[in-house]
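Here's a walk through a protein model, one neighbourhood at a time. Keep the 3D view open and look up each residue as it comes along.

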Protein chains: 2
Amino acid sequence: MKPNISSIDRRTLLSTLALLPALSGLPLIASAQAQTAASGSALPSWNDGPAKQAIVDFVRVTTEQGSPNFVAPEERVATFDQDGTLWVEHPMYSQVVYCLDRVPDVVAKKPELKNVEPFKTVISGDREAMAKFTMKDLEMILAATLSGMSVDEFNVEARKWLETARDPRWKRPYTELIYQPMVEVLRYLRDNGYKTYIVTGGGQDFVRVYSERVYGIPPEQVVGTAGGTKYEYGKDGKPFLTKEPKLLLNDNNAGKPEGIHLMVGRRPYAAFGNSTGDREMLEWTGAGAGARLMMLLLHDDAIREYAYGPAAGLPDSKVGTFTPELYDEAKKKNWTVISMKNDWKRIFSF
Amino acid sequence: MKPNISSIDRRTLLSTLALLPALSGLPLIASAQAQTAASGSALPSWNDGPAKQAIVDFVRVTTEQGSPNFVAPEERVATFDQDGTLWVEHPMYSQVVYCLDRVPDVVAKKPELKNVEPFKTVISGDREAMAKFTMKDLEMILAATLSGMSVDEFNVEARKWLETARDPRWKRPYTELIYQPMVEVLRYLRDNGYKTYIVTGGGQDFVRVYSERVYGIPPEQVVGTAGGTKYEYGKDGKPFLTKEPKLLLNDNNAGKPEGIHLMVGRRPYAAFGNSTGDREMLEWTGAGAGARLMMLLLHDDAIREYAYGPAAGLPDSKVGTFTPELYDEAKKKNWTVISMKNDWKRIFSF
């Protein structure tokens, strides 16, 4: 059930057609080729192929005056999953690493947790045991490390960690492990009047700390898993917001279209994801009228990044569950699969 | 305990200073006067006075290059309550009228509600009895009329009602009962790089139906009381969102700063309200560093609109509870009170 990710047939067809730009009856293809040339500078990290072509065609048909699929500027919304779509998620979500790193601080403030699982294991530093944590264990760690402080304190802590923490493989800040080709897509869409949103299963407050600096996406355009806050007064009478452990929005799966409705109130015209957690967002996008762009990133580059999910014959890997079923739905609904290995000239800016 | 709304002392002082523009030591005032002249065209429905001056001064000190209180363009956020701040809320919130008008439709679909209160009273048409509804009655009506349909169906229904319903006093669509001076403030702030948000206790989905057309505020900049939605599939396999009776955000009082944090992730530099429901939003705004603008609209114009709250000697009126305590807090914290009667040349555009 390993999917055919090279899409040779479609690419061959497109290349053949591209050799015939002067033929009447093919004005659309000819125009697309012209646009591709023009956008060569906009998407320099992309190889020519169906994925790049799908992006360029979508921008053209939705922004060209007189196009039957023209989208009014205020309606131009594009949504991007983050983990595994805009930056590296393997072998562990950066935010989970952050939470694990914060456990010693939390335990120092609440010593009663020291002998309670899963905190005990985290303190022991036993990475193998941590790799076996259940969702329930992780939820306990997230609740303990992401709530109970003020919003301002949280921002300071998260910023400090992001500046100092390093990915063990690349020895760089996590915020440098963003995919250069996707940064180019974000910019290309914005240059064509699209508002770009992050719609992430990760913590909304966490991603907002760096989204503007790293992706050019302001905090008000980050939709993520969000907890409640509580408005309180300090001893000086000054109000502050405290992060509560109460979950308001679980921004995964069906939570993604629900979160987009809550925070944006418009249906996206383009949506990018990489796993089953993004399925409903892509379905919701594709169910709208007119031209829509739905793309899934396949991690099939074991050398430059990682290969997991169906590309590695791992139908149910722990992260980025790009399942064979999702691949089938993508084919059926004409969603475009991006092959990291074939479609990207380079992965990172460094 | 009736507040002194004319602020004669401050106004006299400003006028006197304005006569001395050439004196050294008063460059700030001179510059403010110049700006006032320039903004004369931006705020034509405002009388000169401390309220108009506060708005113009705020814009100047936060947008002039080199000003110690300069605010970076991406940080420029201004939030506006809606009911009683941007449009008429008296004698009943328009959205409540909408919900009451929808009851016959709901009862036609669920006949078992016909003999159940408060629906029975609504069907009877007894306005006096309806005026005595408790919060619990209203909540039952809101839950029954605002949920259980798809988001798309809701939008169609609400739009239809807004086009046909008329306010009994002015015989006009509710969306024409917006305050022209506030429309000018919205535009003036936007022209100076501010992103304007509605932060309303009213229903987020309801306000989003008309906010762009009526206020120039797009749906993604409307924060309101919000219920959950549920992602489902129709018989044709197409997904849709259904409005659920579950409350996600009660966007009143402390819910306003909490909602702003959730939906915007930035602290406003300017906030406008008219009742105790806006108190925390104004406090939260004022607790930020630098120049901030906090304004409260006082309904003291019984002839052109309504007089209620402290202006009418009604400290605990049903709507728009601009209490004496709120007035005291405003004075103590240098929030500016807008007198509808004295500060506004006209109320509506018609």
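## A buried lysine

Let's start with A:Lys256: is this residue buried or exposed? A:Lys256 is buried, as its relative accessible area is just 1%. Here, buried means under 20% relative accessible area, exposed means over 50%, and partly exposed is in between, with a 1.4 Å probe and protein chains only. You'll find A:Lys256 in helix α12 of chain A, residues 255-263. Helices (H or I, at least four residues) and strands (E, at least two) are DSSP runs, numbered from the N terminus.

Which residues does A:Lys256 touch? Setting aside neighbours within four places in sequence, its contacts are A:Asp81, A:Val199, A:Thr200, A:Gly201, A:Asp251, A:Gly277, A:Asp278 and A:Met281. A contact means heavy atoms within 4.5 Å.

## Ground rules

This is a predicted model, where local features need pLDDT of at least 70 and side-chain atom pairs count only at pLDDT 80 or more, while totals for chains, interfaces and linings use all residues. Residues are numbered from 1 along each chain as its sequence is written, chains are lettered from A and ligands numbered from 1 in the order in which they are written, and side-chain values use heavy atoms, with hydrogens and water left out.

## A covered strand and a covered helix

Now find strand β7 of chain A, residues 336-339, which is covered on both faces. A:Thr336 and A:Ile338 are buried on one side, and A:Val337 and A:Ser339 are buried on the other. That fits a general pattern: in a regular strand, side chains alternate between the two faces of the sheet. Next door in the sheet, strand β6 (residues 293-298) of chain A runs parallel to β7(A), and four bridges join them. Two strands pair if DSSP finds at least two bridges between them. One bridge to spot is A:Leu298 with A:Ser339.

Over in chain B, helix α13 (residues 279-286) is mostly covered, with six of its eight residues buried. They are B:Glu280, B:Met281, B:Leu282, B:Glu283, B:Trp284 and B:Thr285.

## Rings meeting rings

How many aromatic pairs does the structure hold? There are 34 over all chains. Rings of Phe, Tyr and Trp (its six-membered ring) pair if their centres lie within 6.5 Å; planes under 30 degrees apart count as stacked, over 60 as edge-to-face and the rest as tilted. Take A:Phe58 and A:Tyr194: their ring centres are 5.5 Å apart and their planes sit at 40 degrees, so this pair is tilted. A:Phe58 is in helix α3 (residues 50-63) of chain A and A:Tyr194 is in the loop between α9 (180-191) and β2 (195-203), so the pair ties together parts 136 residues apart in sequence. A:Phe58 is buried at 4% relative accessibility, and A:Tyr194 is buried at 3%.

In chain B, the rings of B:Trp170 and B:Phe348 have centres 5.0 Å apart and planes at 70 degrees, so they are edge-to-face. This pair links the loop between α8 (151-164) and α9 (180-191) of chain B with the segment after α15 (340-343), and the two residues are 178 residues apart. Some rings can also have a charge over them: the charged end of B:Arg292 sits over the ring of B:Tyr269, 3.7 Å from its centre. That label needs NZ of Lys or CZ of Arg within 6 Å of the ring centre and within 35 degrees of the ring normal.

## Charges in pairs

A search of the whole structure turns up 33 salt bridges over all chains. A salt bridge is a side-chain nitrogen of Lys or Arg within 4 Å of a carboxyl oxygen of Asp or Glu. One joins A:Lys243 and A:Asp205, whose closest N and O atoms are 2.5 Å apart. A:Lys243 lies in strand β4 (residues 239-249) and A:Asp205 in helix α10 (residues 204-208), so the pair ties together parts 38 residues apart in sequence. Both A:Lys243 and A:Asp205 are buried.

Another salt bridge links A:Lys52 and A:Asp48, with 3.2 Å between the closest N and O atoms. A:Lys52 is buried at 5% relative accessibility, whereas A:Asp48 is exposed at 57%.

## Where the chains meet

The contact takes 38 residues from chain B and 38 residues from chain A. About 3200 Å² is buried between the chains, and carbon and sulfur atoms give 54% of that. Buried area is the accessible area (1.4 Å probe) that two parts lose on being put together, summed over both.

Six salt bridges are counted between chain B and chain A. For instance, B:Lys195 forms a salt bridge with A:Glu220, the closest N and O atoms being 2.9 Å apart.
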